[in-house]
Amino acid sequence: MCRLLAETADLLEISGGDSFRIRSYRNAAEAVESTTLELSAIAEDAKKLQEIPGIGKAMAANLLAIERTGTLPMREELLTKYKATMLELLRLPGMGPKSVNSLWQALGIADIDALEAAIDAGKLETLPRFGKKQAEKLKKGIAEYRRNSSRFHIDEAELAAEKIAAYLTSFPGINSVTPAGSLRRGRETVGDIDLLATGPGCEENCVSSAVEYAVAYPPIVDILAKGQNKVSFRLRNGLQVDVRLLPRASYGAALQYFTGSKTHNVALRQRALKQGYTLSEYALARLDDGSVVAGATEVEIYAALGLDWIAPELRENYGELEAAAEHRLPELIEPTDIRGDVHMHTDASDGRNTIRAMADAALARGYEYIAITDHSKNLAMINGLDDRRALEHIVRIKQVDSEMEGRLRVLSGIEVDILNNGELDLSNDVLAQMDVVIGSVHSLFNQTEEQMTERMLRAMENPYLRILGHPTGRLLLRREPYKLNLPKILRRAAELGVTMEHNAYPDRLDLCDRDLRLAKEMGVRIVVNTDAHQISHLEKMRFGVLQLRRAWLTKEDVLNTRDASSLLAALRTNA
Ligand code: DGT
Ligand code: CA
Ligand code: CA
Ligand code: ZN
């Protein structure tokens with residue numbers, strides 16, 4: 001809602017609209033963002049809406065329109081003359097509404113790609129507002145914008161954070177470094193890394209040498225900001241990092257504040273105010289006399305507000321505050337609850353290691369079982385298995401299973417392709433001999449929603465299909481999920497007892513947190529697998545567990561927290 005209002009203000013400004021009007025939309029956007037009222041609940045009630053400061057009668061009508069139609073009249077009218085992509089141009093350094101307007105009037109430029117092309121063709125220099133210098137600056141700005149606007153996979157961000165933390169803690173004045181922000185909350189991708197450091201060298205009045213040490217971190221390519229106790233920089237791979245050096249006494253308050261999410265923090269601050277406190281990044285303090293109540297740890301801050309400590313993964317304002325107040329937060333699944341991994345590949349198809357090597361690595365991780373699930377023949381380029389080879393593979397898997405002498409159970413399985421028409425790629429006779437049959441879509445991603453949904457539903461009707469692998473097919477930051485009526489698929493999965501996979505590989509992480517919650521509500525079983533293509537990928541399990549935690553799942557909700565026999569029983573029956 002607030003985005004639509006802000007965009008309308010921007011478009012008005014591009015069109016050279018009346019400044020009073022522009023301001024009214026901007027103010028409304030801010031008012032909507034900061035209100036604690038549940039807007040969708042009161043959107044039909046113009047009187048209630050007007051109780052929000054900054055919302056008048058006309059704006060209340062706009063909010064109602066947004067709630068009903070997903071847009072508002074002024075925005076639609078402007079978009080017949082101007083393009084939504086022009087809003088992105090505004091985010092380039094040095095680019096204001098007037099410039100965007102003249103680019104559009106003179107050269108028909110409406111997006112960043114077109115702007116870049118015009119710069120390259122030397123067209124920009126001919127315009128009155130733009131010279132050669134300005135064009136060069138813009139070109140740099142575009143490159144920078146592209147770098148900044150990109151997000152990163154969570155494993156890459158975590159690795160970078162660990163390296164920086166190791167560097168920082170080697171400074172004598174820094175004892176500990178903790179990630180905050182989206183990385184700590186386990187979001188599927190990370191915009192920038194937020195790190196909080198503390199130690200004797202981070203106390204007030206003596207923090208400057210720690211700051212100097214931080215900005216000397218060798219992989220830094222660009223120092224973006226250097227303040228009294230904060231530095232921001234960019235690494236070679238484009239990742240931006242914010243490091244804050246904090247005194248011990250306010251460490252918990254800072255950790256709470258910078259972990260976010262923003263919406264969680266807003267709700268928590270409201271709660272604090274209602275109880276007569278103010279909450280900041282420095283402390284929880286009494287409103288009346290300013291005395292500090294808590295600040296050193298998160299636990300004491302939440303406790304002072306009558307709340308159980310809330311795991312970072314839950315801090316998205318999805319009802320966690322209410323649950324914490326009533327002591328009914330879920331006991332979230334932990335990485336150590338996972339007893340096996342039932343989706344992995346070997347050198348029989350596109351994996352790198354042998355069955356035995358995968359088994360040894362799994363045993364070293366403390367697993368009780370794995371399933372070997374190579375690809376089927378539809379993926380000819382990577383040597384997928386046909387019926388005959390699949391049967392031979394079972395023999396080899398059983399051989400390794402006996403070699404493991406009961407220390408690790410090695411289940412035979414397959415990741416069988418769901419063909420374009422929903423049939424499975426191998427014969428039922430062969431599938432019947434497998435312990436674990438995962439069905440996955442690996443082709444024709446651009447089917448319509450109806451086709452793809454029918455395709456999956458049809459595959460699920462096959463009685464040997466036990467698990468739907470990476471069910472939405474998305475590749476984070478690279479490929480959108482395929483079009484799919486997921487609720488329909490989940491409903492049928494619940495009826496048939498088909499299990500949904502959460503694929504822990506950091507490029508996939510589907511079903512996503514929101515879909516996992518839906519799956520649980522609908523009574524669908526869930527399993528978390530790494531889809532490992534080499535030994536080291538088995539480590540990725542924890543990223544999957546993070547998403548399960550974000551979905552409020554407990555150990556009981558996930559099948560591979562059980563032993564092998566009860567997992568297999570659950571995969572095969574509807575009980
Ligand atoms: P990201 O970096 O896009 O993946 O997401 P976050 O959640 O890490 O966001 P970021 O890095 O901008 O800020 C980290 C946390 O710090 C954020 O979750 C809440 C808190 N925070 C930062 N700036 C503000 C602010 O201006 N207002 C509020 N309420 N919270 C803020
Ligand atoms: Ca961040
Ligand atoms: Ca940040
Ligand atoms: Zn796959």
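**Exercise 1. The zinc site**

How are the donor residues of the zinc ion (ligand 4) spaced in sequence? Identify these donors and place the two histidines among them in the fold.

*Solution.* The structure is a predicted model, and each value below is computed from it.

Step 1. The coordination of the zinc ion (ligand 4) comes from Glu415 (OE), His442 (NE2) and His470 (NE2), at 2.1 to 2.2 Å.

Step 2. Written along the chain, the spacing of these donor residues is E-x26-H-x27-H.

Step 3. Because His442 lies in the loop between S14 and helix H21 (449-461), while His470 lies in the loop between S15 and helix H22 (486-496), the pair ties together parts that are 28 residues apart in sequence.

Step 4. As for accessibility, His442 and His470 are both buried.

**Exercise 2. Two calcium ions**

Which residue coordinates both the calcium ion (ligand 2) and the calcium ion (ligand 3)? Describe the donors of each ion in turn.

*Solution.*

Step 1. For the calcium ion (ligand 2), the protein donors are Asp192 (O), Asp192 (OD) and Asp194 (OD), which lie 2.2 to 2.5 Å from the ion.

Step 2. The site of the calcium ion (ligand 2) has six donor atoms, with angles of 68 to 165° among them, and is irregular. The reason lies in the rule for six donors, which count as octahedral if opposite donors are over 155 degrees apart and all others between 65 and 115, so that anything else is irregular.

Step 3. For the calcium ion (ligand 3), the protein donors are Asp192 (OD), Asp192 (OD), Asp194 (OD) and Asp242 (OD), at 2.3 to 2.7 Å, and along the chain they follow the spacing D-x1-D-x47-D.

Step 4. Asp192 appears in the donor list of the calcium ion (ligand 2) and in that of the calcium ion (ligand 3), and this residue bridges the two ions, which lie 3.7 Å apart.

Step 5. Asp194 is buried, with a relative accessible area of 11%.

**Exercise 3. Cysteines and disulfides**

How many disulfides does the count come to? Examine Cys202 and Cys206 as a check.

*Solution.*

Step 1. The count comes to zero disulfides. Cys202 is in no disulfide, and the nearest cysteine sulfur, which belongs to Cys206, is 7.7 Å away. Likewise, Cys206 is in no disulfide, with the sulfur of Cys202 as the nearest cysteine sulfur.

Step 2. The cut-off needed here is that a disulfide is a pair of cysteine sulfur atoms within 2.5 Å.

Step 3. Turning to accessibility, Cys202 is buried at a relative accessible area of 2%, whereas Cys206 is partly exposed at 32%.

**Exercise 4. The surroundings of Arg185**

Is Arg185 buried or exposed? Find out what this residue touches, and look at the peptide bond between two of those residues.

*Solution.*

Step 1. Arg185 has its place in helix H12 (residues 181-185) and counts as buried, at 8% relative accessibility.

Step 2. Not counting residues up to four places away in sequence, Arg185 touches Thr259, Gly260, Ser261, Pro312, Glu313, Arg315, Glu316 and Arg550.

Step 3. Arg185 and Leu314 are 129 residues apart in sequence, yet their C-alpha atoms are 7.4 Å apart in space.

Step 4. Gly260 and Ser261 are joined by a cis peptide bond, with omega about -5°, and Ser261 lies in the loop between helix H14 (251-259) and helix H15 (262-274).

**Exercise 5. One face of helix H25**

Which residues of helix H25 are buried, and which strands do they pack against?

*Solution.*

Step 1. In helix H25 (residues 564-572), the buried residues are Ala564, Leu567, Leu568, Ala570 and Leu571.

Step 2. Seen down the axis of H25, these buried residues fall within an arc of 160°, and therefore they line one face of the helix.

Step 3. The general background is that an α-helix has 3.6 residues a turn, so residues three or four places apart point the same way.

Step 4. The buried residues of H25 pack against strand S12 (369-375), strand S13 (409-417), strand S14 (436-440), strand S15 (467-468) and strand S16 (499-503).

**Exercise 6. Positive phi values in two loops**

Where does Glu405 lie, and where is Asn317 found? Compare their phi values and accessibilities.

*Solution.*

Step 1. Asn317 is found in the loop between helix H16 (298-304) and helix H17 (320-325), and its phi is near 60°, a positive value in a residue other than glycine.

Step 2. Glu405 lies in the loop between helix H19 (387-403) and S13, and has a positive phi of about 50° although it is not a glycine.

Step 3. Asn317 counts as partly exposed at 37% relative accessibility, whereas Glu405 counts as exposed at 67%.

Technical notes. Residues numbered from 1 in each chain as written. Chains lettered and ligands numbered in written order. Predicted model: local features only at pLDDT ≥ 70, side-chain atom pairs only at ≥ 80, totals over all residues. Heavy atoms only, no water. Donors = N, O, S within 2.8 Å, 3.2 Å for Na, K, Ca; no water. Tetrahedral: all angles 85-135°; square planar, octahedral: opposite > 155°, others 65-115°. Buried < 20%, exposed > 50% of the residue type's maximum accessible area, 1.4 Å probe, protein only. Helix = DSSP H or I, 4+ residues; strand = E, 2+ residues; numbered from the N terminus. Arc of directions from axis to C-beta. Contact = heavy atoms within 4.5 Å.
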